[in-house]
Amino acid sequence: MLDVTVIEDAEAAAVSLDPIRARLLAELAAGPASAAMLAGKVGLPRQKVNYHLKTLERHGLVELAGERRKGNVTERMMRATAASYVISPQALAAVQPDPDRFRDQLSARWLLALGARLVRDVGSLLTGAAKARQRLATYALDGEVTFASAADRAAFIEELTAGVSALIRKYHDGDAEAGRPHRIVVAVHPTLRPEAVAQTETEAVTRTGPEAVPQTGAGAGAEAGPEAVEAPAGPETTH
């Protein structure tokens, strides 16, 4: 089982977003189970669970883990193909964000567009690397810093921009015939408060329960909550 996989197909994305199927994926990420075993957990008849499992299997979201005999019946034990899933903007190709359409280093929405492109590009690279049976060379740095003041944040961003820009100038060789371009994304944004993260996770679990009803409209996609502001987020350096 992969730790995380990217869903690039629009139909697979729609299948995964169904509340019941999302609940089944969560159960199967915890370990293999049959339709009969899952029926009691999600509050549905075994036949309906089996229908959902076949749909998930058809789109590569679950796979056969093995079979077991139970009386006169052979049960198919299914498992999730990954512990977690990310939907690529490629699944909504016609309306996916385009960071090149509007560049603003101090825009939270431009940062979001950069993040969406990162998911799309790395997802496609992972798919290609898996087919070629090759390792994908990537690097990520994740950290947290508390600024005492807005002035300190501005000074940090200025030094960060200068440092990254200097590294790019030092190592970039546009004339290298065998060179492989790499993209660099540096982002600074306020950290979500723990209670906000916990609330988001609780709402996600509630929406994937047996009685869940898909939400639509503004209430289903609130950006951050009452404390959210589109404050200057710092540089997003790309190359």
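This report walks through the packing of three helices and one pocket in a predicted model.

## Helices α2 and α3

Let's begin with α2, which spans residues 19-30, and α3, which spans residues 35-42. Their axes lie 11 Å apart, and the two helices pack at an angle of about 120 degrees. Because an angle of this kind falls outside the 65 to 115 degrees that count as roughly perpendicular, α2 is oblique to α3. The crossing of α2 past α3 is right-handed.

On the α2 side, the contact is made by R23, L24, E27 and L28, and on the α3 side by L38, K41 and V42. Sorted by class, these residues give four nonpolar and three charged, with no polar ones.

## Helices α3 and α4

Next comes the pairing of α3 with α4, a helix that covers residues 46-58. Here the axes are 8 Å apart and the packing angle is about 110 degrees, which makes α3 roughly perpendicular to α4.

From α3, the residues A35, A36, L38, A39 and V42 meet R46, V49, N50 and L53 of α4. Seven nonpolar residues take part in this contact, along with one polar and one charged residue. You may recognise L38 and V42 of α3 here, since both also belong to the contact with α2.

## Helices α2 and α4

The remaining pair to look at is α2 with α4. These helices pack at about 80 degrees, with 10 Å between their axes, and are therefore roughly perpendicular to each other.

I20, R21, L24, L25 and L28 are the α2 residues in this contact, and they meet V49, Y51, H52, L53, T55 and L56 of α4. By class, the contact divides into eight nonpolar, two polar and one charged. Some residues turn up again: L24 and L28 of α2 meet α4 and are also part of the α2 contact with α3. Likewise, V49 and L53 of α4 are found in the contact with α2 and in the contact with α3.

## The second largest pocket

Now for some open space: the second largest pocket holds about 590 Å³. It is lined by 22 residues, and those closest to its centre are L2, V4, T5, V6 and L126. Two elements, β1 (5-7) and α5 (108-132), each give two or more residues to this lining.

Helix α5 supplies the largest share of the lining, with nine residues. As for the character of the pocket wall, 13 of its residues are nonpolar, six are polar and three are charged.

Note on methods:
Residues are numbered from 1 along each chain as its sequence is written. This is a predicted model: local features need pLDDT of at least 70, side-chain atom pairs count only at pLDDT 80 or more; totals for chains, interfaces and linings use all residues. Side-chain values use heavy atoms; hydrogens and water are left out. On a 1 Å grid over the protein atoms alone, a cavity is a set of points where a 1.4 Å probe fits but cannot get out, and a pocket is an open set with protein on both sides within 12 Å along at least five of seven lines; lining residues have an atom within 4 Å of a point. Grid points are joined across faces, edges and corners, and a volume is the space filled by probe spheres set on the points. Helices (H or I, at least four residues) and strands (E, at least two) are DSSP runs, numbered from the N terminus. Ala, Val, Leu, Ile, Met, Phe, Trp, Tyr, Cys and Pro count as nonpolar, Asp, Glu, Lys and Arg as charged, and the others, Gly among them, as polar. Axes are lines fitted to C-alpha atoms, for helices over the stretch in contact, and angles run from 0 to 180 degrees between N-to-C directions. Angles under 35 degrees count as roughly parallel, over 145 as roughly antiparallel, 65 to 115 as roughly perpendicular and the rest as oblique. A crossing is left-handed if the near helix is turned anticlockwise from the far one by less than a right angle, and right-handed if clockwise. Contact means heavy atoms within 4.5 Å.
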